[in-house]
Amino acid sequence: MQYLETKSEGTIGTITLNHPEKRNALSTPLVDAIVETLDGFARERMRVVVLRAPPGMKIWSSGHDVGELPEGGRDPLGWDDPLRYLVRAIEECPAPVIAMIEGGVWGGACEVAFACDLIIAAPNATFAVTPARLGVPYNVTGMLTFLNACSLRIVKEMAFTARPVSAERAERLGIINYLVPPERLEIFTYELARDIAENAPLSISVMKEQLRMLAGAHPMSPRRFERVQGLRRLVYDSEDYAEGIKAFKEKRKPKFSGQ
């Protein structure tokens, strides 16, 4: 499958992101391939799925494929955005999904990692929420994914500064489950996957769905939702949004005016 390597051993499925030319950017073809594979693993009744990049990668995923984002006048992160499909597929997969991470996790890839059920990382892993560097307005469901992964203050720090959080700090904050030396990362991850796979799959899938529903139980009135959407519209209709996308494509630092 293009951009992916997949395998299954017993009841454990593995998805390896493998598009190094674009640093595993979450393009529509890559996302479609991941979602298709997750659907296939569900039909095959895989009990655990490991989502990873090839060993030794410096970038686990660079996040959104910025080349696919609209340059203005349209919501760049709407319900039908590829990232939304991927996050929903991970959350709705009946089997636990383990993110095994080496290297940098940028932008939308942070949400993908945080949507996984468990995160196991090497010391060189970093997590950076970067929409502010592009002038992109993140969406409500994406923000909820971040809030379910870490505290409000940490979400604000990551979103406002766009600075990367180290794996060591992420473990202290409870963002990741385990910090493992690189030479033991794969061994440890698959040992944990086997422990999960030996337990009752129906019980696990039901508990996962219960936790998903509880994590999403944050009611918002229609008025407040419309308010949020209106605020986001101000951003993606702004000069700053157009400047951020243009600067990224031109490989230069953006000059934001606040308009």
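Is S27 buried or exposed? S27 is buried, at a relative accessible area of 4%. Buried here means under 20% relative accessible area, exposed means over 50%, and partly exposed is in between, with a 1.4 Å probe and protein chains only.

Some ground rules, quickly. This is a predicted model, where local features need pLDDT of at least 70, side-chain atom pairs count only at pLDDT 80 or more, and totals for chains, interfaces and linings use all residues. Residues are numbered from 1 along each chain as its sequence is written, and side-chain values use heavy atoms, with hydrogens and water left out.

Back to S27. It sits in the loop between β2 (12–17) and α1 (28–43). Helices (H or I, at least four residues) and strands (E, at least two) are DSSP runs, numbered from the N terminus. What does S27 touch, not counting residues up to four places away in sequence? D65 and E68. A touch, or contact, means heavy atoms within 4.5 Å. For scale, take S27 and E226: they are 199 residues apart in sequence and 28 Å apart in space, C-alpha to C-alpha.

Stay in that loop. R23 is there, and so is N24. R23 has a positive phi, near 50°, and is not a glycine. N24 also has a positive phi, near 55°, and is not a glycine either. Now their surroundings. R23 is partly exposed, at 43% relative accessibility. N24 is buried, at 0%.

Next, helix α2, residues 82–92. Eight of its 11 residues are buried, so the helix is largely enclosed by the rest of the structure. The buried ones are P82, L83, R84, L86, V87, R88, A89 and I90. Which elements cover them? The cover includes α1, β3 (48–52), β5 (97–101), α3, α5 and α9 (201–215).

Now helix α6, residues 152–161. Here I154, V155, M158 and A159 are buried. They cover an arc of only 125° around the axis, which puts them on the same side of α6. That arc is taken from the directions from the helix axis to the C-beta atoms. Turn to the other side of α6, and R153 and F160 are exposed. The cover over the buried residues includes α3 (108–115), β8 (126–128), α4 (131–134), α5 (140–149), β9 (165–166) and α7 (167–172). Just after α6, A162 takes a positive phi of about 60°.

One residue links to that helix. F146 is in helix α5, and V155 of α6 is among its contacts. The others are C110, E111, F114, V129 and Y138, not counting residues up to four places away in sequence. F146 is buried, with a relative accessible area of 2%. F146 and P201 are 55 residues apart in sequence and 27 Å apart in space, C-alpha to C-alpha.

C110 brings us to the cysteines. A disulfide is a covalent bond between the sulfur atoms of two cysteines. The rule used here is a pair of cysteine sulfur atoms within 2.5 Å. How many disulfides does that give? Zero. The sulfur of C110 is 9.0 Å from the closest cysteine sulfur, in C150, too far for a bond. C110 is buried, at 0% relative accessibility. For C93, the closest cysteine sulfur is in C116, 9.7 Å away, again too far for a bond. C93 is buried too, at 6%.

Last topic: empty space. Rolling a probe the size of a water molecule over the atoms shows where empty space is left. On a 1 Å grid over the protein atoms alone, a cavity is a set of points where a 1.4 Å probe fits but cannot get out; a pocket is an open set with protein on both sides within 12 Å along at least five of seven lines; lining residues have an atom within 4 Å of a point. Points are joined across faces, edges and corners, and a volume is the space filled by probe spheres set on them.

The second largest pocket holds about 830 Å³. Its lining has 33 residues, with V66, W106, T130, L134 and F248 nearest its centre. β8, α4 and α11 (239–249) each supply at least two lining residues.

How many cavities of 30 Å³ or more are there? One. The largest cavity holds about 30 Å³. It is lined by A53, P54, W60, M100, I101, E102 and L185.
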